[in-house]
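Colleague: Could you walk me through the charged side chains here, one step at a time?

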Amino acid sequence: MLARIVGGLGAAAAALLGWGWFEAGWVRLSTIDVQIPGLAPELDGVRVAHLSDFHLGVPSGSARAVERAVAWVEERRPDLVLLTGDLLTHPRGEPKLRELLRRLGPRTYAVLGNHDFGDARDPLAAPSRLEDLSPAHLLRDDSVELELRGRRVQLVGVDPVSYRSGRADPDGRADDDTDLRILLCHYPNVFHRLRSDSYHVVLAGHLHDGQIAIPYGRGKVRLAHGSWRYTKGLYRRGDSTLHVSPGLGTTFVPFRFFARPEATELVLRPA
């Protein structure tokens, strides 16, 4: 009798771990319309791919999710590809990262996250030296202005080190004369520290939608970062919209439960 119970528990645990590994690679490919107050008519329909939290360099079922997400973006050919940090968990993942960045191409702009510096409680994390992401562009407390459909677009990137030390000033970098302003920051809580009119779009990641979650009714308990205000999806404050990506990778354990990875294409529309 005891042997049957132990055997049953072992089989259930194996099935659960197998599902978690599968879900880590079961990427959701999502397209979302984002209403932007005052968006210039020329920018109506601009498509922005938002990817986050690859966490390359460690074994995980998420390797399939990252590969599928990049292939999807290649097929979609959006106007911009924006990455919001934690590209690596360990420097051994850098060759794969550079292969993916070559595929995404020069329309790609990125910021780093805490894992890229090894600044995490994850025992597998180790610091990497990411200073140039060519052909992608790395933004570290700086900005770039682009011309898109004849309109001026400003991209501003927040460095995670200066952000966590309180030295970052993204409000001060916003150029009110540009037609579209997009802020990239690894941490979603930057949103309530900004003026509500500084940026039209704010992109963040970091939270993995909890990665391990327990569903109940219409909601779920997120076992990681459960107390954060902005956890997944779209949030509006004043004329600014935040999108928090569930990310593509995993940390601590190579599994996801009720927190599928996601690659998102944001389609900008005038409100």
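Modeller: Let us begin with one helix, where glutamate 99 and arginine 103 both lie in helix H3, 4 residues apart, about one turn of the helix (helices, H or I, of at least four residues, and strands, E, of at least two, are DSSP runs numbered from the N terminus). This is a predicted model, in which local features need pLDDT of at least 70 and side-chain atom pairs count only at pLDDT 80 or more, while totals for chains, interfaces and linings use all residues. Residues are numbered from 1 along each chain as its sequence is written, and side-chain values use heavy atoms, with hydrogens and water left out.

Colleague: How far apart, N to O, are glutamate 99 and arginine 103 in their salt bridge?

Modeller: A salt bridge is a side-chain nitrogen of Lys or Arg within 4 Å of a carboxyl oxygen of Asp or Glu. The side chains of glutamate 99 and arginine 103 meet in such a bridge, and the N to O value is 3.7 Å.

Colleague: Is arginine 103 buried or exposed, or in between?

Modeller: Buried means under 20% relative accessible area and exposed over 50%, with partly exposed in between, using a 1.4 Å probe and protein chains only. Arginine 103 has 24% relative accessibility, so it counts as partly exposed.

Colleague: Which residue forms a salt bridge with lysine 96?

Modeller: Lysine 96 and its partner both lie in helix H3 (residues 94-104), 3 residues apart. The closest N and O atoms of the pair are 3.3 Å apart, and the partner is glutamate 99.
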